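Visitor: I would like a walk through this structure, please. Could you take my questions one at a time?

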Protein chains: 2
Amino acid sequence: MPTGHTREVIACVIVIGNEVLSGRTRDANIQMLGSGLASVGVRLKEARVIVDDIQVIVDTVNELRARYDYVFTTGGIGPTHDDLTSEAIAKAFNTVLERNPEAEARLQNHYGSGELNAARLKMADIPRGAALIDNPVSQAPGFRLGNVFVLAGVPRIAQAMFDSVKHGLTGGAPVLSRAVAAYVREGDLAAPLAALQETFADLDLGSYPFVRDGRLGVSIVARGTDAARITAAIDAVATAMRALGTEPEAEDPVGSGEEVF
Amino acid sequence: MPTGHTREVIACVIVIGNEVLSGRTRDANIQMLGSGLASVGVRLKEARVIVDDIQVIVDTVNELRARYDYVFTTGGIGPTHDDLTSEAIAKAFNTVLERNPEAEARLQNHYGSGELNAARLKMADIPRGAALIDNPVSQAPGFRLGNVFVLAGVPRIAQAMFDSVKHGLTGGAPVLSRAVAAYVREGDLAAPLAALQETFADLDLGSYPFVRDGRLGVSIVARGTDAARITAAIDAVATAMRALGTEPEAEDPVGSGEEVF
């Protein structure tokens, strides 16, 4: 693996779906995978959203599987004509797409023979050499080939598939985070914060402004692998906030997921 | 421009922000820009989420501005140490970052001299040769340099900035869409839908399963530039849905933005 000699284990997500680019659908999987990977010590370093096009998928997967320890794709493994991911992954790996007996048995069991038509059987076509990833929601499996994990696009299924593989990933030290928030303005805290980022160069200090109840504030998130350093950094940020005349509050570092402004 | 000889005008979005990759924040700007660009005849063909790192930003911007008619970046133009986008864009274009008098005047007006500290003044440093993009929310401007539009990350500001530039974009024919939904299962509709995609090869037929009130259904969205063809395709899809025993309903093609499953 390209970065096997460093301590950071890095990943990329490829969201495959015209519906995300057209604005019809707001992606939820990048966020789910970003936080899920961090919890097992893998850092999501890049995400791409690409169109439903075999050559685009092939080129993107081949570029990124060489650069990242792990690649996760979401979307494009359903029964319809615009589901092209499995075919593209086979092509990217120079292997064939073939009917997988175990996948077929799961679909058989789920649908019964009467409903298992040709379109649904397409979901049992898996690149040769891939290992199946369980789908507890609707049975049609994802799969892993090399360092590429192919997940469904529907968020509930993508989440279930990720949960079933995440403990098999070889991560680095888990990424820890703490956050502190105060009703101070980002521009007033910027200078002391920049100085603290130099002091705590081993951590990543992020600054996120918000408006709550009509008042401007900022959340500072410290991320890293050393809990004691993170605590020290957040304490120092809190001190800088107090120097601006407000009492800070500890905050869930995961946030609501929504940017409140 | 690379695709100036074709009728499709294509764009890419670069979301710059560790907070999106760590899972702290769920991006909203890809969806906003995807639908906003379609409304002026520009097709969003790719989106990337990248880390707050100058070299990564430079390399990504230079790769993509050569491949797309328009590139939009979001994030990284605030007052703190992790706001690196303006510096990176200057570097990507081999130009200098310099204090922009008009941007400084806007910040002066917004903050007053007492509050316009060095950190906030950083937001008036703009690459030489760039045109400012108005920020009606908090004044600190975005900018355009060549075919690259640099917007704020906060969704409300990114939206306002995009609204102020979108009518200046040279788009192709506006992308139109219609949708129809029915309580049929995607796998049952897949074969007739694939045949219709061949008949309507000039359109993009997307298939999106859902669960509502505990019932499985599917939405089919037709996208293209010819309203009559789109109507014909949706009528044909509706006929195929009726053949499966359910009455379809017209649906907002934009959707809720959330995948309901």
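What follows is a set of questions and answers on this predicted model.

Visitor: How many helices and strands does chain A have?
Guide: Happy to start there. The C-alpha trace of chain A spans about 70 × 45 × 30 Å along its principal axes. Of the 261 residues in chain A, 52% are buried. Its secondary structure comes to 9 helices and 12 strands.

Visitor: How far apart are the C-alpha centres of domain 1 and domain 2 of chain A?
Guide: Chain A is divided into domain 1, residues 9-168, and domain 2, residues 176-251. Between the C-alpha centres of these two domains of chain A the distance is 37 Å.

Visitor: Is helix α2 of chain A largely enclosed or not enclosed by the rest of the structure?
Guide: A residue counts as buried when 20 or more other C-beta atoms lie within 10 Å of its own. In α2(A), residues 29-39, 9 of the 11 residues are buried. Among them are A:I30, A:M32, A:L33 and A:L37. With that count, the helix is largely enclosed.

Visitor: Which elements of chain B help cover the buried residues of α2(A)?
Guide: From chain A, the cover includes β1 (9-16), β2 (42-50), β3 (70-74) and α7 (155-165). Chain B takes part in the cover too, and its elements there include α1 (18-21) and β2 (42-50).

Visitor: How are the two copies related?
Guide: Chain A can be laid on chain B with an RMSD of 0.0 Å. That takes a turn of 180 degrees and a shift of 0.0 Å along the axis. The copies are thus related as by a two-fold rotation axis.

Visitor: And which residue of chain A has the C-alpha nearest the axis?
Guide: We can look for the C-alpha in chain A that lies 2.2 Å from the axis. That C-alpha belongs to A:R48.

Visitor: How do the residues on the side of chain A that touches chain B divide into nonpolar, polar and charged?
Guide: The contact takes 55 residues from chain A and 55 residues from chain B. Elements giving two or more residues to chain A's side include α8 (186-199), β10 (204-212) and β11 (215-224). The copies meet through the same surface, because 100% of the interface residues of chain A are also interface residues in chain B. The side of chain A divides into 23 nonpolar, 17 polar and 15 charged.

Visitor: Which residue of β2(B) stands opposite A:E46?
Guide: Strands β2(A) and β2(B) run antiparallel and are joined by 5 bridges. Opposite A:E46, in β2(B), stands B:I50.

Terms used
Residues are numbered from 1 along each chain as its sequence is written. Chains are lettered from A and ligands numbered from 1 in the order in which they are written. This is a predicted model: local features need pLDDT of at least 70, side-chain atom pairs count only at pLDDT 80 or more; totals for chains, interfaces and linings use all residues. Helices (H or I, at least four residues) and strands (E, at least two) are DSSP runs, numbered from the N terminus. A residue is buried if 20 or more other C-beta atoms lie within 10 Å of its own, exposed if 12 or fewer, and partly exposed in between; C-beta atoms are placed from the backbone. Two residues are in contact if their C-beta atoms, placed from the backbone, lie within 7 Å. Copies are superposed by least squares on the C-alpha atoms of residues with pLDDT of at least 70 in both. Domain bounds come from an automatic or database domain assignment. Ala, Val, Leu, Ile, Met, Phe, Trp, Tyr, Cys and Pro count as nonpolar, Asp, Glu, Lys and Arg as charged, and the others, Gly among them, as polar. Two strands pair if DSSP finds at least two bridges between them.
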